Amino acid sequence: MAKSGNGKQQAAGVTGVPRAAARYAKRVQHTARNVAEVVRFGGLETNEEYSPYTVEAELANYRLRHYFADDVPDDAMPILLVPPLMMSTEVWDVSPDTSGVAAMHAAGADPWVVDFGDPDVEAGGRERNLTDHVLAVSDAVDRIVKATGRSVVLSGYSQGGMFAYQVAAYRRGDGIDSLVTFGSPVDTTAPLPIPIAPDVAARLSSELVDSGLLRKITVPSWFVRLGFKMLDPARSVQDRAKFLLALNDRDALLPREKQRRFLDSEGWTAYSGPAIAELLEQFVTHNRMLEGGFIIDERLVTLADIDLPILTFVGTTDTLGHPVAVRAIDRAAPRATVYEVTLPGGHFGLVVGSKAMTITWPTVADWMAWRAGAAQLPDTIALASTIEPQKPHRAGAAATAAAQTVELGLGVSRSVLSNARRASRLVRNVAREAPAQLPRLARIEQLDPNTRISLGRLLDEQARRSPDNVAFLFGDRAHRHWDVKERVDNVVKGLVHVGVRQGDRVGMLMGTRPSAFVLVAALSRIGATAVLLRPDGDAPREAALAEMNWMISDPEHVDLIDSVPDVRWAVLGAGSKDAQQWRKAHPDAIDMESIDIDNVELPAWYRPNPHRAADVAFVLFTGEGRSTNALTITNRRWALSALGTASAASLNPGHTVYSVTPFYHSSSLLMSVGGAIAGGARFAMASADDPDTFWEEVRRYGATHVSYTWASLLPVVDAPANPNERYHPIKMFIGSGMPRNLWRRVDQRFPTAKVVEFYASAQGEAILANLSGRATGSMGKSLPGTPEVRVAAYDFTEHRLEIGADGLGRECAPDEVGLLLVRASAADAHSGAALRGVFASDDAWRSSDDLFLRDENGDLWLAGPVAEVIDTADGEVLPSGARFALSSISVLDLIVAYGVPEGDAEVLVAAVTVRKDAELTADDLDKALRRLPALQRPKYVQALPSIPLTTWHRPQWRPLQAKGVPKPTRTRHVWRLNADTGRYEASTP
């Protein structure tokens, strides 16, 4: 039995060897055949066919595919699918089992696809930029709407979804039913798929764009494919190993073969350099998808204009379209209703693969049925606002420090790594602030009387440095530096043609419009002085004070020609149809728009930008009526304000300064325009001053800095919440004159923004700024590089500086009110005679004509002009004290204080307006004003329905002063100070 058993075992073993060998040989044979097929054809033949389509349109930038065009249901809703750049259009139809277009067709939809082609193959493909692709998608929408008679569901994957958002904003929703996007990022400050901080990536992107390299190259498809694989190299190696080990089993590989071939080779296209450059410039360096103000075909666009329903698909492990970046559409489009579907998985799996076929495409079909009114919104789709965001994955401190160190060209030492967080902060601050601020501060220090500097010169510098950067924005148009330079040069020719010469004083009477900015720049380039008259001011008085010999107006103000005699008058700007009638009414005025500048030859005396620092650049005006004063601004003074603002506000080309202040006001010309030009930022002019326009333009321009004067922000703060206010891009409010109570309300309404209050003296060159924002209402300290200031003791009785026994003045103690003096310089020759020997025998100062006090922290507080001091029967009174005390009452809006005659002397009167649905009481007044010395309290307080404002939003008190001691009426409440009790009592009519 044993022998027999051994025989059977031996027979079985002998038989098993050939069987195993046969299986192994067969496996080798199958592997060899499959390897040969992969080597020869790039993959295994699956005999699968793509979905049928017809090309409905073929243009220079794209082809429009219509899938299943011969089998469209009568009630089918069209959906337009947009692929990302660098990926083939077949991403929507990889294989029959993973085809998005087939799934949409099966669900009863009408699928259309934009085909951008491969830039390496398409004629002109390497020169395409992002705008070309956005306009292509917009054209496709028009064609589908015309062909179907229905609005389109616009859908895109990855960057294709970004195009969908941009097209919807560009078209303001016209022809679009809703948006569906898959892993489409909006916020480029979200975590990146590489270990580098987003702010470092933004700066590297900026340097790459500025190099001009991307305008000359195209990224080949093999590089794109390699880059995609390197985002997850371990996964790429694993997938490749699985494929190679399974090459013997053709049946196991075939179901995923087309998907593998798509990702491994066939699905990638080249990426044109100009498109990459525009992507980096607009959306990585400046993050304008989120903040607004990106440019399509020279038109300003913001996602805040989207008011359509949006369905966005988010992959929980997506690194290319990080959930934080994708969900930012809810912030970028505050007027849209955003819905979300969250899928477990990565980027590619959102549109291709098993989850896409079982979740994504059925959900899109349900969405379209809901939009068509044929079904309820499914439970799988949730409002984005109800979804708890996952904790964002941020680059570690060490990774950030390393990336920033590489950016600076430094080696990463052990000490940096061991102190990663400290190094990260240090390198970040140095890299971000120093390169921009140091040259500006150095330039301020180097401004001497003979320095060549002017507005026109700085504009020319920007045009040479960055001709394609945007200079200013107005309406929905963007004006680039090269375009502005060309327009300024044309106006220069027109001015020279009519007889304007270097040194002339040329009046300007214009509203807020681009031609006003261009005219100021042109006058600066000629070397003339621009005299900016106020449209609501006393034009004859202002013209006489400025001693000008020319007047250039827009058509809307030419009717004032008879009120300003003895000047030559010209008109610049087309104006409205009605305004064009001026030619008949005023035939003596020169029409500058009719000059043929091509035939104008510049004379021999013309040299562009001849102005030096000591030359007078502008004449501005302050005060009203008989108190109107001319304010002379030298190029040095303008440059100090411009460079100081740019430095204090850290302005750079990624910022947009939005001015709600009229162009002819000093804060607009010196801070808003000047700061933007000096900092290389974009400058935007408000077209109106109502809150709705404010928010519309803030989002359209992507305004990061908003300039103000006095109470200009009051309507915005008083207005109900605006949808565009949500997640607004404003980082800073910059300006002058903001009342303290309004400042507090601005801080409360906009907690993510900072208020920076500036002060520039009418005499001397003092420039102060409250950079810390620590002391609400304070003017802060002198900006670096500007003249030294001191608060000198002032004799209010004698109306002069206090002089000691040694014949010198003294500096005020903390919290003592005195006169602000500004260190005089040889360059400041237009501010009158200097005060000499004030604190020492050899010093020289100029009076600012303003009273200040310095607190124990060194911050300066404005106590009002010297001319504002009131001589009462009991002594001198400062109206600023009453204004300051009353500003602590939360129910008050506007506050003014002034003197009026009563008997043989003047008394102090305060006038206020009360916020809507609020009430002011005597107890409120007692509590606020008791902190003042009895002498400094107003004798009367009146509450009015309104207080008049100038066009630059400064409260006007002179009309109230002219009415004398206030009397109570039905609409005016008056309280009188009881001298015996020290309390305020209501007066009766």
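I began with helix 24 (residues 666–679), which lies across strand 17, strand 21 and strand 22 and runs at about 135 degrees to strand 21. Axes are lines fitted to C-alpha atoms, for helices over the stretch in contact, and angles run from 0 to 180 degrees between N-to-C directions. Helices (H or I, at least four residues) and strands (E, at least two) are DSSP runs, numbered from the N terminus.

I noted the source. This is a predicted model: local features need pLDDT of at least 70, side-chain atom pairs count only at pLDDT 80 or more, and totals for chains, interfaces and linings use all residues. Residues are numbered from 1 along each chain as its sequence is written, and side-chain values use heavy atoms, with hydrogens and water left out.

**The sheet**

I looked up the strand order. The sheet is open, has 7 strands in the order 20-19-18-16-17-21-22, and its pairing is mixed. Strand 20 (590–591) and strand 22 (629–634) are at the edges with a single partner strand each, so one side of each has no neighbour in the sheet. Helix 20 packs on this sheet and touches strand 16 (505–509), strand 17, strand 18 (550–553) and strand 21. Its direction makes about 175 degrees with that of strand 16. Contact means heavy atoms within 4.5 Å.

I then checked strand 17 (residues 529–532) against strand 21 (residues 616–622): they run parallel, joined by 2 bridges. Two strands pair if DSSP finds at least two bridges between them. A530 has F618 as its bridge partner in strand 21.

**Helix 20**

Is helix 20 mostly covered or uncovered? I found 12 of its 13 residues buried, where buried means under 20% relative accessible area (1.4 Å probe, protein chains only). Among them are F517, L519 and R525. G527, just after helix 20, takes a positive phi of about 100 degrees.

**The core**

Which residues touch the most other members of the largest nonpolar core? Of its 76 residues, they are L455, L495, L532, F618, W638, F663 and L669. Helix 20 gives the largest share of this core, 9 residues. A nonpolar core is a set of buried Ala, Val, Leu, Ile, Met, Phe, Trp, Tyr and Cys residues joined through side-chain atoms within 4.5 Å. I followed F618: its contacts include V520, A530 and L669.

**Strand 34**

Last, I turned to strand 34 (residues 844–854). 9 of its 11 residues are buried, so the rest of the structure largely encloses it. It pairs antiparallel with strand 32 (residues 818–823) over 5 bridges. Strand 34 and strand 35 form a hairpin with 5 residues between them.

How values were computed
Buried means under 20% relative accessible area, exposed over 50%, partly exposed in between (1.4 Å probe, protein chains only). Lists of a residue's contacts leave out its neighbours within four places in sequence.
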